[in-house]
Amino acid sequence: MSQTAQTVREDGVIASVSGPVVTARDLDARMNDVVYVGHEGLMGEVIEIEHDITTVQVYEETSGISPGEPVENTGEPLTVDLGPGLLDTIYDGVQRPLDILEDKMGSPYLDRGVDAPGIELDKQWEFEPEVEEGDAVEPGDVVGTVEETITIDHKVMVPPDYEGGEVVDINSGSYTVEETVVELDSGEEIKMRQEWPVREARPTVEKKTPRTPLVSGQRILDGLFPIAKGGTAAIPGPFGSGKTVTQHQLAKYADADIIIYVGCGERGNEMTEVIDDFPELEDPSTGNPLMARTSLIANTSNMPVAARESCVYTGITIAEFYRDMGYDVALMADSTSRWAEAMREISSRLEEMPGEEGYPAYLAARLAQFYERAGYFENINGTEGSVSAIGAVSPPGGDFSEPVTQNTLRIVKTFWALDADLAERRHFPSINWNESYSLYRDQLDPWFQEEVAEDWPEVRQWAIDVLDEETELQEIVQLVGKDALPEDQQLTLEVARYLREAYLQQNAFHPVDTYCPPEKTYLMLTTIKTLNDEAFDALDAGVPIEEIIDIDAAPDINRIGVQDDYETYVEDLKAEITDQLRNLY
Ligand code: ADP
């Protein structure tokens, strides 16, 4: 954040304090202006103006401040600092780097009224120009790069709100983010640092239909419920259902260039876990630390509620900035329920008319505005980039009928329903295949057909049909037992068991199984389908079901996941299954 004293307009005084909501009298302010509240100068944002009373949500603990203290308006909206140094950093919800805050205060407990720039101002970056004197540049154009981390080259762009013009001076070498690297004939000076108001989407040329999957290496996701690059997904995570593991897997393996992880207000220790865990994770595609392509925004629930409200906007604005460079960004928000609760708390302090379960009537609109900023875009500099938004939801008691889950489901196009019962049975990832869905399937099929196999959609549909049939048959089995079923249905149950155990389950902790490329996902399904087709032929030829189920080769299907050299393994296994079954008649 960067609100400076020069822009200060006029002071007011505090009229009332109610938790994170403070009212001020005689403040000359506009909606969303950032203000400093009280003698300590706590940062807040104007959220309502009525006559001479201005209502402010304060991003810090307000105990101890009282009516009569000054309120100072910066006259500027809440912005984020954008530039090299965003990656490999952990922020709080208003983009204060946690390590710097800790240093300033000498303790890991966040104090009040401490301000810190969002990116390091005195660090030198090696700027390599990509334009020359005389070149014409427009807003968004890349004028040079710096190596931001060992993994990511940072593109220095003409800010979107500049006019652009002809380059009259360009520097190369070591510069700080505040020094001018390029000068234009319009008089505009380009620095590595830009600012952007968090509540406003950065401009683009066009939102396009996403047609490339965000490949996750998690076969249930890629195969059955894929998300597109630029897509939206919700993942509800009842406690112990494997939410953390799933999110780590996505952060590590999803083929996004940049990961923005917004931890908004989960219980204190859970967020601490993320802060401790992430810096330890390795990026499997480069061997570098995962943090080299990650920015973490962390608000524990013991931080003030309003900061939780702002953290998702801070996160998505940073995501858009990297998208503008032409990168594919995956933003993970954990959890949007805590964010919604922050809105609820502030709304109730404002004594607004409550909607369902006390949430404000604008809950749905806010959620929609957030997910709306995800997408696959043509950027103003002509590159293409994407922001995929994956929001975790924590429905109390795992009840999906509550307002946050329901409103989210109306917006997102992918739903990965983590299931506490599956987790209890140690079926991981515990994504419920009956409840989950992806509306991207059809538009991503051409990619999978081109890159993996022409019959990808048919094979997937076959697997879905078998699993659906199993669900229906299970109800009958519960009543009358398996043996009462006709033989063909017993066989379907057996095939479905392989789908569940070999295909749907995937061990995140096995060095090979942890990542399953789409080719392997496909081959695993076709192996099970080979078993299915050959077994039904055998059944039709009169072979008793016991003999079919009993062939030696079948259980090897469960070992495909852990095979490094899976192509040969699968080829041999398919041949063996076919042989053994054909030998029965
Ligand atoms: P949550 O965050 O929802 O409370 P976790 O992600 O910590 O749950 O998962 C709980 C436990 O479940 C993990 O410690 C791990 O043992 C197991 N688990 C979850 N997902 C997987 C997976 N994909 N593969 C193997 N084990 C898993």
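Begin by selecting Arg-338, which at 15% relative accessibility counts as buried, and keep in mind throughout the tour that the model is predicted. Add Glu-341 to the selection, and the two side chains can be seen to meet in a salt bridge of 3.1 Å, N to O. Both residues belong to helix H6, and because they are three residues apart there, about one helical turn separates them. Glu-341 itself is partly exposed, with a relative accessible area of 23%.

Step back now to Ser-335, which sits in the loop between strand S22 (328-334) and helix H6 (336-349). This serine is buried, at 0% relative accessibility, and its side chain reaches the backbone nitrogen of Ser-337 at a distance of 3.1 Å.

For a second salt bridge, select Glu-494 and Arg-497, whose closest N and O atoms are 2.9 Å apart. Here too the partners share a helix, in this case H12, where they lie three residues apart, or about one turn. Glu-494 is buried, with a relative accessible area of 8%, while Arg-497 counts as partly exposed at 27%.

A third pair to display is Arg-559 with Asp-556, a salt bridge in which the closest N and O atoms are 3.8 Å apart. Arg-559 is partly exposed at 44% relative accessibility, and Asp-556 is likewise partly exposed, at 26%. Then show Asp-81, Glu-178 and Arg-193 together, since these three are linked in a network of salt bridges. The structure holds 23 salt bridges.

Turn next to the interior, and select Phe-127 and Tyr-322, the residues with the most contacts inside the largest nonpolar core, which has 77 residues. Colouring helix H5 (residues 305-324) will pick out the largest share of this core, eleven residues. Apart from it lies another core, of 75 residues, and Leu-504, Ala-538, Leu-539 and Leu-573 are among them. In soluble globular proteins, nonpolar side chains tend to be buried together.

Two cysteines can be selected at this point, Cys-311 and Cys-516. Cys-311 is buried, with a relative accessible area of 0%, and Cys-516 is buried with a value of 0%. Which disulfides does a search of the whole structure find? The search finds zero.

From Cys-516, move along to Pro-517, which is placed in the loop between helix H12 (487-504) and helix H13 (518-540). This proline counts as buried, at 17% relative accessibility. Add Gln-218 to the view: the two residues are 299 residues apart along the chain, yet their C-alpha atoms are separated by 8.0 Å.

Select Asn-381 next, in the loop between strand S23 (375-378) and strand S24 (384-393). Asn-381 is buried, with a relative accessible area of 17%. Its side chain reaches the backbone oxygen of Gly-140 at 2.9 Å, and a polar contact of 2.6 Å joins it to the side chain of Thr-383.

The last stops are on the outside. Leu-439, in the loop between strand S26 (437-438) and helix H10 (441-451), is exposed, with a relative accessible area of 53%. A distance drawn from Leu-439 to Ser-66, C-alpha to C-alpha, spans 51 Å, with their positions 373 residues apart in sequence. Finish at Leu-479 in helix H11 (residues 456-480), which is exposed, with a relative accessible area of 74%. Together with Ile-476 and Val-480, Leu-479 makes a nonpolar surface patch of about 310 Å².

Notes:
Residues are numbered from 1 along each chain as its sequence is written. This is a predicted model: local features need pLDDT of at least 70, side-chain atom pairs count only at pLDDT 80 or more; totals for chains, interfaces and linings use all residues. Side-chain values use heavy atoms; hydrogens and water are left out. Patches are made of residues with over 30% relative accessible area and no salt bridge: like charges are joined within 9 Å, nonpolar side chains (Val, Leu, Ile, Met, Phe, Trp, Tyr) within 5 Å. Accessible areas come from the Shrake-Rupley method with a 1.4 Å probe; for residues, only the protein chains shown count as cover. A salt bridge is a side-chain nitrogen of Lys or Arg within 4 Å of a carboxyl oxygen of Asp or Glu. Helices (H or I, at least four residues) and strands (E, at least two) are DSSP runs, numbered from the N terminus. Buried means under 20% relative accessible area, exposed over 50%, partly exposed in between (1.4 Å probe, protein chains only). A nonpolar core is a set of buried Ala, Val, Leu, Ile, Met, Phe, Trp, Tyr and Cys residues joined through side-chain atoms within 4.5 Å. A disulfide is a pair of cysteine sulfur atoms within 2.5 Å. A polar contact is a pair of N or O atoms within 3.5 Å; within protein, one must be able to donate a hydrogen and the other to accept it, and residues adjacent in sequence count only if both atoms are side-chain atoms.
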